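Trainee: Could you take a close look at one part of this model with me? Pick a single helix and tell me what its inward side sits against.

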Amino acid sequence: MDNFIILQAYVASIIFLMNPLMTNLPIWKTTGILTCIVFHIGFSEPLYYWLHRLLHSSYLFQQYHWLHHSSEVNHPYTAGHATFLEHLLFCIVIGVPIFGTTLIGHGSVIMFYGYVLVFDLLRCMGHSNVEVVPHHIFDTLPKLKWLIYTPTYHFIHHRDMKTNFCLFMPLFDVLGKTMNEISWDLHKEISSIEGKKAKAPEFVFLAHGVDIMSSLHVPFVFRSLSSWPFVTELIMFPMWPYALLVVLIMWAKSKPFLLSFCHLRGKLLQSWIVPRFGFMYFLPFAKDGINEKIEEAILMADRIGVKVLSLAALNKNEALNGGGKLFVKKLPNLKVRVVHGNTLTAAVILNEIPPETKEVFLTGATSKLGRAIALYLARRKTRVLMLTESTERFSRIQKEASVENQNLLVQVTKYQAAKHCKTWILGKWTTPRQQRWAPPGTHFHQFVVPPVFEFRRDCTYSKLAAMRLPDDVQGLGVCEYTMERGVVHACHAGGMVHLLEGWMHHEVGAIDVDQVDLVWEAALRHGFKPV
């Protein structure tokens, strides 16, 4: 999807190198702006119109233009979804007004970048599938409808593919007798109801940034990269300083914002981002500000009618807000259910551990997840070596177990205590040196973010607890961090299950161990699959 940008950059660079006139342009030149508009109307509009009609001929459509029309639902990125031949033709359509104006001595920097920006903006608007042009503009200025198209106008072209071929100016469809007669009536009807039919999401997954580099793994920066699991690409390194600057601006000014969305069984599900990044959660002075942003998102969700809001990763940190309890206590009249989703996370990890396992080593043992895993395994008669230096927290958890199972929970304070245990459950970062104490053949389960380095070649490692979404999910265009597309963190899936089951309680604070099997069975029943 980014290929056409790279192609156009190459073409522009070659022309710049071939023509010295292109390197010394003034910032602004009024005659250049007017000349560029004349070139566009006199050359680009008619050229595109006839090329577009030609691309809809039987042979060229089957060989080339079908790809552009393969999008089931129009989206701004559909504008750039085309074959190499079509992108070459676009280089001509876009290039002639820019370079023609420059060659006759009227070029300017504003003309150059302004034309490209407006061109791409109008293309994306036409494919947005959302009517943003109010019909009363055309009621006031009727002739304007021949000069600018609308998303509805171009939607009709994608629906019937026999009319409305113009680039931006319906005038050329009028001249070519290819304007669909319902174009403006449909536009008036849709734009009249567009504001009334806006649909609020029923579910929101409230995530946060991880680090500076992964901040580039978003669809509005690199849509192609965001559609694959996150890995650090070479192209990201030159952009790191700019990404850092954006992160700092977001820290100072930004509000929670929409990242992605999908649909499941008629329900709109969205992922929002709190404009904070992993390292900020460990700064003592940043705690209150982070909670304010989370609260702002919760109140926004409550106001627009969201049914379930699921807190991701550090947004539900115990030290930050008690796993979400802070918000439920502070905002007792919330209609939106706030959940941490960790009951399903615990269920995923526990179902990875074979029932015949007799002993496990657990780090992060007194955390919300660690406590639930330890108590559940004790019920299964599995001995749990709980790594913690806090005898007080360990004793509190041990007392929650039944009397006959309390001896199965054992406090240890050093990694050496697990040198004969082949099942490790990592709930806190474990260094390669600490991993050395595991015997050969050990399997490392983990619920620590980010995942530990897979240092031991003679051992195996589980990925972070995750679940594959049901097969009927629609419109999922991005990957969730390092997960493959269609796979989400277990806490994300846990929030979805909460919605699909119609549960009315908040899931905050400590995990109810009695609910682990119930949530697991509900997830499987709704089509979620373990990875």
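**Helix H20 and its surroundings**

Mentor: Sure: in H20 (residues 516-525), the buried residues are Val516, Val519, Trp520, Ala522 and Ala523. They all sit on the same side of H20, because their arc around the axis is only 165 degrees. Buried is under 20% relative accessible area, with exposed over 50% and partly exposed in between, using a 1.4 Å probe and protein chains only; the arc is taken from the directions from the helix axis to the C-beta atoms. Helices (H or I, at least four residues) and strands (E, at least two) are DSSP runs numbered from the N terminus.

Bear in mind that this is a predicted model: local features need pLDDT of at least 70, side-chain atom pairs count only at pLDDT 80 or more, and totals for chains, interfaces and linings use all residues. Numbering starts from 1 along each chain as its sequence is written, and side-chain values use heavy atoms, leaving out hydrogens and water.

Now the cover: those buried residues have contacts (heavy atoms within 4.5 Å) with partners including helices H15 (342-352), H16 (368-379) and H19, plus strands E12 (466-468) and E15 (529-530). Just past H20 comes Gly527, with a positive phi near 95 degrees.

Follow H19 (residues 490-501) and you reach a sheet: H19 lies across E1, E2, E3, E4 and E5, at about 165 degrees to E1. Such angles run from 0 to 180 degrees between N-to-C directions, with axes fitted to C-alpha atoms, for helices over the stretch in contact. That sheet is open, with six strands in the order E5-E4-E1-E3-E2-E13 and mixed pairing; pairing takes at least two DSSP bridges. E5 (337-339) and E13 (473-474) are its edge strands, each paired on one side only.
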